[in-house]
Amino acid sequence: MKCAACGSTALVEGKLGGGDASLTGFQPGDTPWLKRAFAFGNREIVAYACLHCNLLQLTVQFTEDDLQRYQQFEGEQPNVLERINSALEPKDKGTK
Ligand SMILES: [Zn+2]
C-alpha cells in the first residue's frame, strides 16, 4: 500500500478508536437499524498513516458475504429499494 498523496510506502498501520477504547467500524448504508443500533456486524476499519505527509487512509475489511452481495452490481451501487426490487423480479421477465 502506498500513500495516495505523496506515494510513500512509509505507512503506519492502526485502528480508529474512541476515547472509551471502542473501535470505530464501518456499516453499509443498507444495514437494518437494529444492527446499526448495537453496532452489530461492524466491518473492521484499518487506518494507514503516512510518516512523510501525515495523510490518513482508511480501508474496510469486507466479509465474503459482503463481496458476494455487492459485487453482483457493477459500478454505482443501487439504493435499498432498487436492490430489493431486483431480488423480487422473476428471472424470466420479458421472455413471455
Ligand atoms: Zn504521504
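Colleague: Let me start with one strand residue. Which residue in β4 stands opposite Ala-47?

Modeller: Leu-58 in β4 stands opposite Ala-47. Keep in mind that we are reading a predicted model. That pair belongs to the pairing of β3 with β4, which is antiparallel and runs over five bridges.

Colleague: Which other strands does β3 pair with?

Modeller: β1 pairs with β3 in the antiparallel sense, over four bridges, and Leu-11 is placed opposite Cys-50 of β3. β2 pairs with β3 as well, again antiparallel, over two bridges. There, Gly-25 has Glu-44 in β3 as its bridge partner.

Colleague: Let's put the strands in context. In what order do the elements run from the N terminus?

Modeller: The order is β-β-α-β-β-α-α, for a total of three helices and four strands.

Colleague: Now the turn. How many residues lie between β3 and β4 in their hairpin?

Modeller: Five residues separate the two strands of that hairpin, and Asn-54 in the turn has a positive phi of about 70°.

Colleague: How should I read a positive phi?

Modeller: Here is the general idea: most residues other than glycine have a negative phi. Asn-54 is not a glycine, yet its phi is positive, about 70°. Ala-21 also has a positive phi of about 70° without being a glycine. Ala-21 sits in the loop between β1 (11–14) and β2 (25–26).

Colleague: Is Ala-21 buried or exposed?

Modeller: Ala-21 is exposed, because just 6 other C-beta atoms lie within 10 Å, and the cut-off for exposed is 12 or fewer. Asn-54 also counts as exposed, because it has 10 C-beta neighbours inside 10 Å. Across the protein, buried residues make up 2% of the 96 residues.

Colleague: Where is the confidence lowest, and where is it highest?

Modeller: Helix α3 (residues 80–88) is lowest, at a mean pLDDT of 71, while β1 is highest, at 97. For the protein the mean is 83, and 84% of the residues reach 70 or more. As a general caution, where pLDDT is low, the predicted coordinates should not be read in detail.

Colleague: What can you tell me about Leu-81 in helix α3?

Modeller: Leu-81 is in helix α3 and is exposed, since it has 9 other C-beta atoms within 10 Å. Its C-alpha atom is 9.8 Å from that of Asp-30, a residue 51 positions away along the chain.

Colleague: And what share of contacts between residues at least 6 apart joins residues at least 24 apart?

Modeller: That share is 48%.

How values were computed
Residues numbered from 1 in each chain as written. Predicted model: local features only at pLDDT ≥ 70, side-chain atom pairs only at ≥ 80, totals over all residues. Buried ≥ 20, exposed ≤ 12 C-beta atoms within 10 Å, placed from the backbone. pLDDT = per-residue confidence, 0-100. Contact = placed C-beta atoms within 7 Å. Pairing = 2+ DSSP bridges.
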